[in-house]
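Grab a coffee and open the viewer. Here are a few exercises to work through, each with its solution.

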Amino acid sequence: MGLPWDSSQPTPSSGGPLVSATPTTESQESAAPRRPRLVERELLVPFIVVVACFAAWGVAANLTDVLVGVFRTIFDMSNLQSSVVQSAYYGAYFLLALPAAFINSRFGFKAGMLTGLGLAAVGGILFLPASQMLVYEAFLVALFVLAAGLSILETSANPLILAMGSEATATRRLNLAQAFNPVGANIGVLLGAMLILPGLTSEAAKTIMSAEELRASQEADLFLVLRPYLCIAAVLIILWLLLAFRKMPELPGEQAVLAESATPGAASGGVAGRLWRNRRYRYGVIAQFFNVAAQTCVWTFTIIYALDVVGVSTSAAGWYLQASLILFLLARFAMVYLLGIFRPARLLLLMAAFGVICCLVAMFSLNMIGLIAVVAISASLSLMFPTIYGLALEGLGEDAKFGAAGLVMAILGGAILPLVQGAVMDAVGDTAFGFVVPAVCLAVVAAYAVFELRDRPHRPAVPETAGEAAS
Amino acid sequence: MSARHLVPAAVLTAGLLLTSCGSEQPDVTIGLITKQEANPYWVTMREVAEQTAAEENVELLTATGTSDVDVDSQVEALREMTAQGADGILIAPTDSTALVPAIEEAREAGVTVIAVDTPTEPESAVDAVFATDNHEAGELVGAYARAKAEELGLEPRIAILDLAPGISSGEQRRAGFLEGFGIEEDDPRISGSLDTEGDRELGETAMRDLLAQDPGINVVYAVNEPAALGAVAALEEVGRDQDDVLLVTVDGGCEAIKDAVRPGAIDATAQQFPENMAREGVTALAEHARGGAAPSGFLNTGVVLITGNPAPGIESRDVAFGVRNCWGD
């Protein structure tokens with residue numbers, strides 16, 4: 001949950017092992033004399049370390065959502081300037097996705113993990129000089145390095161989990177690991193809500209401060225930001241040490257997963273063209289871009305809406321983002337049930353329309369009802385990534401492995417659209433009106449759902465991929 | 001160390017750590033006396049004082065009157081707090097002169113007294129005054145109104161909704177407005193001036209009367225937001241478009257900022273910060289009680305122009321800033 005996609009889906013590097021692994025293994029399982037272990041005993045410690053990584057990047061990603069409002073206050077910036085935080089973070093994720101895949105295929109998953117952990121830890125430590133320099137751009141560099149490391153880490157950790165045992169238990173293993181990601185995401189927001197937001201110097205106090213006092217308050221506030229990132233860096237270093245100095249036994253599935261991962265790259269030339277000519281896939285990528293954009297926009301500006309529109313205190317504002325994440329998580333379980341009743345595209349249309357309505361309520365109801373609507377948008381977002389993912393890849397056959405990469409790289413929407421929302425808010429001078437941006441994004445998702453319903457009018461409920469992903 | 005000794009040692013260490021983490025007994029007692037609790041302005045002041053007292057490890061005594069003119073309750077509170085050994089008292093006087101004898105009594109008993117929000121007359125009756133610079137507040141909205149009138153090409157016909165005679169904050173705001181607008185008391189562009197006592201209904205009545213005298217009024221200055229909200233109602237009653245009338249005021253409460261400044265019915269307000277009065281007051285008294293410098297003179301607790309429609313050359317903050325820093329709901 002930390003990042004907009006459900007990373008139980010194959011990442012660019014992991015190709016499509018999840019989808020192809022499950023059906024074959026269940027038949028093997030029934031015939032096997034011994035039920036395969038979830039994780040082999042000698043791999044238990046590395047497995048725990050990798051699972052901890054899933055939580056770690058959840059913490060970092062959602063702490064970033066808190067940072068936009070925090071930096072706006074500390075550096076007295078515009079919404080556009082402060083939302084560059086998300087561009088640095090998601091931009092790094094986007095840019096590092098393919099290099100990460102290269103590291104994995106060339107040097108193996110352990111090397112990828114160590115590179116990612118190391119780079120992310122360096123990013124966390126870079127908050128230290130940044131907080132002494134009192135320069136916003138230095139924090140952006142630190143965030144970019146942190147996110148770059150986490151991108152490599154995530155790209156390596158997903159297939160590594162798959163390779164850490166029998167193919168028969170791969171899906172369960174990955175689902176177990178993924179369960180720790182939303183835990184981390186909630187911890188990330190909790191850290192921001194408890195350690196950073198309540199301690200910030202009030203804007204009223206700053207109105208009567210001298211230049212020296214202002215600088216001292218800025219230092220004190222940036223120290224609050226520094227603490228959680230240093231904690232993250234410390235955890236990442238511990239994980240790095242646990243992984244680096246522990247001899248990793250041969251991984252049962254590494255070669256198979258690597259071979260799967262390598263396939264998309266090798267075939268990329270013709271496949272890319274073929275995929276782009278496929279209208280369903282192309283529209284799916286566009287819908288995913290706007291879905292990720294909507295999610296990042298909403299979570300980036302939830303705290304700011306609470307502060308600017310409703311006048312919630314700084315110490316209480318973080319709890320509304322926390323509520324959004326919890327709702328997102330709970331709604332996911334509800335969606336698994338509803339996907340058994342409704343066609344995925346129909347449910348996608350319903351939820352996208354619900355999201356648009358929530359955005360409109362947020363734009364025109366400038367009070368607590370508007371804030372509740374902002375929180376409620378997360379319910380509509382909860383099913384979107386896996387559902388669009390499943391619909392767009394359906395029927396692509398072997399091309400699905402490469403197609404998955406395109407869908408995951410739609411994360412670029414999270415780097416670009418928050419800037420647009422920040423610019424709209426600044427231009428109009430109205431924080432609430434900025435929610436027109438996620439409204440448009442969700443309307444694009446709704447349009448994609450309508451296209452799907454018209455293009456495949458007789459499609460049954462519960463596509464396999466969407467059902468798996470939502471679980 | 002054997003395991004047998006390790007457990008008691010760990011318990012002892014944990015106990016010592018817990019003891020060191022626990023807060024010490026407050027060694028300083030400070031009192032806060034506000035005017036009333038019906039107005040969220042005073043509620044904010046008390047809440048911030050309580051928060052600051054906790055941070056400073058200070059015992060805080062609080063008391064409030066029943067209205068803005070309740071002198072007796074404040075006199076009683078001053079005496080009670082002095083008897084309870086308060087080191088310092090913050091008081092928002094309901095009457096600038098009537099409270100002076102009780103304040104002097106407290107000071108003679110060794111209590112340091114700071115007037116917050118409203119100064120005493122004479123100002124020397126207290127050790128220090130922590131308040132909004134009301135002249136500056138008026139000047140900010142006056143300068144804004146002038147710049148905006150010029151931008152819109154208006155021939156100003158000004159209505160002034162005052163507080164009441166003899167109340168210094170109202171007089172200072174009015175003088176500041178006139179100076180900011182660049183006019184004198186007898187300027188012919190002033191269509192009329194009436195007192196409102198800072199009350200919404202009286203503000204509405206006054207605005208209605210002024211509009212009856214001069215329907216062409218296009219600039220309105222109101223001494224505070226309740227009076228301004230009354231003016232908004234009167235202007236709506238006669239069908240005046242809010243875009244045709246410049247309405248400026250002083251305060252920064254949430255109701256006016258969200259319901260009138262945000263939609264543009266009030267063009268600008270000068271926001272004051274009761275939280276600064278409380279925080280700076282408690283901190284100054286605590287520092288003095290612990291051997292620091294005695295508070296003295298006047299501390300300007302800040303004022304910021306809030307508008308959703310900035311005027312050229314006039315520094316202001318947007319409505320979002322106003323919402324984040326307003327008081328009340």
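What follows is a set of four exercises on salt bridges, a strand and a chain contact.

Before you start, note that this is a predicted model, where local features need pLDDT of at least 70, side-chain atom pairs count only at pLDDT 80 or more, and totals for chains, interfaces and linings use all residues. Residues are numbered from 1 along each chain as its sequence is written, chains are lettered from A and ligands numbered from 1 in the order in which they are written, and side-chain values use heavy atoms, leaving out hydrogens and water.

**Exercise 1. Work out which parts of chain B the R290(B)–D27(B) pair ties together.**

Step 1: Get the rule straight. A salt bridge here is a side-chain nitrogen of Lys or Arg within 4 Å of a carboxyl oxygen of Asp or Glu. That rule gives 23 salt bridges over all chains.

Step 2: Check the pair. R290(B) and D27(B) make a salt bridge, at 2.8 Å from N to O.

Step 3: Place both ends. R290(B) sits in the loop between helix 10 (274-289) and strand 11 (297-300) of chain B, and D27(B) in the loop between helix 1 (3-21) and strand 1 (29-34), so the bridge ties together parts 263 residues apart in sequence. Helices (H or I, at least four residues) and strands (E, at least two) are DSSP runs, numbered from the N terminus.

Step 4: Look at accessibility. Buried means under 20% relative accessible area, exposed over 50%, and partly exposed in between (1.4 Å probe, protein chains only). R290(B) is partly exposed at 38%, while D27(B) is exposed at 52%.

**Exercise 2. Find the spacing and burial of two salt bridges within helices of chain B.**

Step 1: Take K148(B) and E151(B), whose side chains meet at 2.7 Å, N to O. They are 3 residues apart in helix 5 (residues 134-152), about one helical turn. K148(B) is buried at 3%, but E151(B) is partly exposed at 45%.

Step 2: Move on to R279(B) and E275(B), bridged at 2.9 Å, N to O. Both belong to helix 10 of chain B, 4 residues apart, again about one turn. R279(B) is buried, at 17%, and E275(B) is buried, at 17%.

**Exercise 3. Is strand 10 of chain B enclosed or open?**

Step 1: Count. In strand 10 (residues 268-272), 5 of the 5 residues are buried, so the strand is largely enclosed by the rest of the structure.

Step 2: Split the faces. A268(B), A270(B) and Q272(B) are buried on one side, and T269(B) and Q271(B) on the other.

Step 3: Find the neighbour. Strand 9 (residues 246-251) runs parallel to strand 10 and is joined to it by 4 bridges; strands pair if DSSP finds at least two bridges between them. V250(B) stands opposite A270(B).

**Exercise 4. Describe how chain B meets chain A.**

Step 1: Count the residues. The contact (heavy atoms within 4.5 Å) takes 17 residues from chain B and 15 from chain A.

Step 2: Get the area. The two chains bury about 1,300 Å², 50% of it on carbon and sulfur atoms; buried area is the accessible area (1.4 Å probe) that two parts lose on being put together, summed over both. On the chain B side, R262(B), V323(B) and R324(B) lose the most, together 38% of what that side buries.

Step 3: Look at the charges. There are 3 salt bridges across the interface, and R324(B) forms a salt bridge with E203(A), with 2.7 Å between the closest N and O atoms. Helix 11 of chain B gives the most to its side, with 5 residues.
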